Each structure stands twice: as C-alpha cells, then as structure tokens.
Amino acid sequence: MDAILFYVFAAIAVVSAVVVIAQKNPMYSAFALIVTLCSLSVIFGLLGSPFIAVLQVIVYAGAIMVLFLFVLMLLDVKREEDSPARGGRTLRGIALALVTLLVLQAGAVLLRSERGAAASFDASTRRMAEILFSPHFLYAFEATSILILAALVGAVALAKKEL
Amino acid sequence: MSPSPAVQELILAVAKIALVVGALLGLFSLMTWIERRTLAFMQYRLGPNRTGPLGILQPIADGIKLFFKEEVMPAAANKWGFLAAPVVAVTTALLAVAVLPYGPPFTLPGWGVLPEWLRGRTVQIQIASIDVGLLFMFAVTALGVYGIVLAGWSANNKYALLGGLRSSAQMFSYEIALGLSWVGIIMLAGSFQIADIVNAQSGWFWRWNAFVQLPAFVVYMIAATAEVARIPFDLPEAEAELVAGFHTEYSSMRFALLQMAEYINMITVSVLATNLFLGGWHAGVPGLPSEGLLGFVWWGAKVSALLFVFIWLRGTLPRFRYDQLMHIGWKVLIPVAAVWILITATGVALAGR
C-alpha cells in the first residue's frame, strides 16, 4: 500500500515539476509547483514524519506560493517572450540538471550504508524537537532563525525608500 | 460472521466520512436559511418565510433554482482555472473537517440493528485522529486560499481579480495570528491532537482555554472571522466596491459550491473554537456528565452559539477599511499573540511541566 502510494505521488511530483519549467504561462507554473510541493508532503508523510509533511505544506505550499501568486497576479504577466538565446539556455539547463542528478546519486551511493538507519529513524514530532533543541543543534537552530530575521529586516530596508 | 479488523476499520471510516460530510452539507443549507431569518429579524424584516413551515424549505428551493440556472463562463476566462476554482475551494474546506472531533467518544448500544462486531464498541466521530491534528488544520487552511485566488484570477474580470488579491493578502496576514493563537494551548496541553486539548480542559469551566488563554481566544476569534471573510472582514467581496469580489462571474452550481465552501469554513472554525477554547464536550461543571448523549448536547450548544455569534456580527458591524484591516492584523493581533506566547511559555516553564 505504502509503495503504491509512493509511486503514485512520486509520479505526480515529477510530472508537475516538469510542467513547472515547461509551461510558458507563469500562473500555470506556480500552480504546478503547488502540486509538486503537496505531493512531496505526502511522500514525507509516507516516510513516517507527519510533522515534516505538514510543515512542507504550511511553509512552502501555504505561505511562499501564496506570495508568488500574489506577485504574479499584480504583475499580470501574459506570456514569456521567446528570446533568441533560448536554445543555448535549454542546453545549459539540461547539463546543469544532469550534473546535479549525478552529484545527488553519488551522495546516495556513498551514504547507502546508512540507508537502513534512515528507514527506521523515528521522525515523530517529539523526537524532532528533542534533536533540534539538543545542545548539538540548538545554537545552529537559533542562529539560523536570527539570520532569517536579519534577512527579512534587510529586505524591508532595501525595498522601502524611506522608513 | 464478522469481517476482518482491517475491513471493520474501513467500514467505520467510510461511515464516519459519510456522516460528517452529510451532516455538514445539511448544516450548510440550514445555515443559509437561519442566517437570512436571523438577519431579517435583526433588521425588523421577516426574511424567507413562505417555503414550508417558517420557510425552512427555502434552502431546497434555492438549491433547485441554482441547479437549473444557466452556467455562464466569461468568453475571455481561463477555462481550466475557472472550472477548477470551486472544486479546489470545496475540497480544501472538506479536508479541514477530517481531523476535528465531533462530540465525545461514545459506546454503541449492544443490541438492535447493528452488526455483531459494532455492538458495544466505543467510537468517536472523528475521521482521522492524526498525531499532528492541529498543524494539519493549519496546513489545509493555508491551502484554502488557492480556490479564491484561482476564482479571482481566472474570471478575467477586474473586480474578481481585485477580490482575489484582497483575499490572498487578508488570508495570509491573518493566518499568522491564527496560528500563533494556538501555540499557548498546544504548550498547555502538550499535544497537537485536538482530542487531547479538549480533555486537558475538563473540570470547572474556568479551566477552559477561553478563560485560561483569554488573549489567545480573542485573537483567535478575530483572526478566524477574517479567515472565513465574514463581516467585518468581508473585504474580498465588498459589494459596494467590488460587485461580488472573486465570485462576481460565477453562476449556477459553481456559485453554490463557492458559497458552500465559505459556510463549511465558518462551521469548521466554530467547531475548532469549541474544541480548543470552550472545553469541547465537557459541561464545565464537574457534577454534570460529559460522556455520551449529554456530551453531544454541550458540544452542539457551544458550536451553535458560536455560529450565532458570526451571524450576529454580520447584523451588527460595518466593514473595515483595507488599511485598518492590515493594521489590526499585523500591528495588533500578531504582537498580542506573540507576547501572550511568551507569558504562557514562562508560566509553563516555571510550573516545571
């Protein structure tokens, strides 16, 4: 059952991810990206981590994509215009995608010995919190949140001409 | 012969889904009538009182009328977006109801027409009791905005587009306050499961989160009203400026679907408020039992009272201006909720929980 669901949602995720880059209408791309993110969330759920699954939807599909759509609706972009350099760009894009795939595969092969451990990893909310707030990760976690806050304040300072 | 445990679970789950969705659809049509009648009385009118006794069959008449109305789609509309929007709106609205408990767990009678394996079994009307129930609610609420955005964008109408823009800005502004208002409750109950949160509020009624977490309750009620876009927060469909906002171009059953999504969302936030803040199915007085049928009575009374409050607000308050809406959301509700989280966290830490 889990395997069937995995393949169904993995297929949906891949197909909609292709739609994201193949579509010329940015609104369709944005909606396809939402579908991708939701399918990824289902896969996280199947891996036994409802917490990460739900966070995926809240943060990416819920918050970030709404902002994307908001901007797209304000700009009212009709259609991406074909530029003469398009063929070259496509080739470079495919090359970059292949390199990324190779790197990820290499990483997966190198880490294969630990895959058994990953499958039985307890990803419940309680366990997640214990790891995040353990002395090992606590400072990194808090520093990241301050970094994000600083980026936010910086963005506002740059965007606003006068405060 | 009784079916295997897996099949039993499946039958039970399907029965619960049918019951909850059926009850919600029934309540939705009833609510439209109750709302029109109540508003009418508040405004010294009579409201729809001709169809059936007291006009109670009005929703059915409305349904038949909408069903036979002509479907109109603007020529320049984005076809797929226009068709998908009501479906997305209703789907997300119905997804959110899956993790809510409706009333207390109860024991089925050990006799009657029930099959052997169901007799004497303790069940609770809750479709999915998942570990991260409250967060799931939050995630689905966050997705709910897409139905409205899609409806506003695809109709190719400037009023619909403005309505869609307004509603996306409003919903993600108030979602933050809504989520923050739950944090204190989650800390007190130590669980994301809504049933656990309800059971943490047993005993006297002053132990309900509405009293223990009063600032959070106020923030929740304001943010929830904004999330379901009811007056005084119905800017997305402000009829004086935007015709009817995001559903300007919708007609017939698609209009009814968008309307249905709105009412279901309103019922959902009322049920959630009852469960999180008003002690759910607990009577609030230790002597009174909260199990079985009486639990449903307490629970139903609280939900009905909250639904009435939403109608009451609509009959009472004027609409906010857009800058006031943003001001309240970002500069009042979020700081209040954040400070309250700090206070609750300090309290929880000092109590050594």
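Start with the salt bridge between B:Arg254 and B:Glu71, whose side chains come together at 3.5 Å, N to O, in what is a predicted model. B:Arg254 sits in helix α10 (residues 252-277) of chain B, while B:Glu71 belongs to the loop between α2 and α3 (79-96) of chain B, so this pair ties together parts that lie 183 residues apart in sequence. Neither partner is hidden away: B:Arg254 is partly exposed, with a relative accessible area of 22%, and B:Glu71 is partly exposed too, at 37%.

That pair has company, since the structure holds 5 salt bridges over all chains. Have a look at B:Arg314 and B:Glu35, whose side chains meet at 2.8 Å, N to O. Here B:Arg314 comes from helix α11 (residues 292-316) of chain B and B:Glu35 from helix α1 (residues 5-42) of chain B, so the bridge ties together parts that are 279 residues apart in sequence. The surroundings of the two ends are worth checking. B:Arg314 is partly exposed, with a relative accessible area of 35%. B:Glu35, on the other hand, has a relative accessible area of 1%, so it counts as buried, the cut-off for that being under 20%. The story doesn't stop with two residues, either: B:Glu35, B:Arg230 and B:Arg314 are linked in a network of salt bridges.

Stay on helix α1 of chain B and you'll find B:Arg36, which forms a salt bridge with B:Asp62, the closest N and O atoms being 3.0 Å apart. This one also links distant parts of the chain, with B:Asp62 in helix α2 (residues 58-68) of chain B, B:Arg36 in helix α1 of chain B, and the two positions 26 residues apart. B:Arg36 counts as partly exposed because its relative accessibility is 37%.

Helix α1 of chain B also carries B:Gln8. Is B:Gln8 buried or exposed? Its relative accessibility is 11%, so B:Gln8 counts as buried. If you set aside the neighbours within four places in sequence, B:Gln8 is in contact with B:Ser2, B:Pro3, B:Trp117 and B:Arg121.

Now over to chain A and its helix packing. Two packed helices are described by the angle between their axes and the distance between the axes. In chain A, α2(A) and helix α3 (residues 50-75) pack at an angle of about 175 degrees, with axes 8 Å apart. The two helices are therefore roughly antiparallel to each other, as the cut-off for that label is an angle over 145 degrees. On the α2(A) side, the contact includes A:Phe31, A:Leu37 and A:Phe44, and on the α3(A) side it includes A:Val57, A:Tyr60 and A:Leu69. By class, the residues of this contact split into 19 nonpolar, 3 polar and no charged.

The helix α2(A) also reaches across to the other chain. Helix α2 (residues 26-46) of chain A packs with helix α4 (residues 133-154) of chain B at an angle of about 160 degrees, the axes being 13 Å apart. That angle makes α2(A) roughly antiparallel to α4(B), and α2(A) passes α4(B) in a left-handed crossing. Who makes the contact? From α2(A) come A:Met27, A:Tyr28, A:Phe31, A:Ile34 and A:Cys38, and from α4(B) come B:Leu143, B:Tyr146, B:Leu150 and B:Trp153. Sorted by class, that gives 9 nonpolar residues, no polar and no charged ones.

Methods. Residues numbered from 1 in each chain as written. Chains lettered and ligands numbered in written order. Predicted model: local features only at pLDDT ≥ 70, side-chain atom pairs only at ≥ 80, totals over all residues. Heavy atoms only, no water. Axes fitted to C-alpha atoms, helices over the stretch in contact; angles between N-to-C directions. Helix = DSSP H or I, 4+ residues; strand = E, 2+ residues; numbered from the N terminus. Parallel < 35°, antiparallel > 145°, perpendicular 65-115°, else oblique. Left-handed = near helix turned anticlockwise from the far one by under 90°. Contact = heavy atoms within 4.5 Å. Nonpolar A, V, L, I, M, F, W, Y, C, P; charged D, E, K, R; others polar. Salt bridge = Lys/Arg side-chain N within 4 Å of Asp/Glu carboxyl O. Buried < 20%, exposed > 50% of the residue type's maximum accessible area, 1.4 Å probe, protein only.
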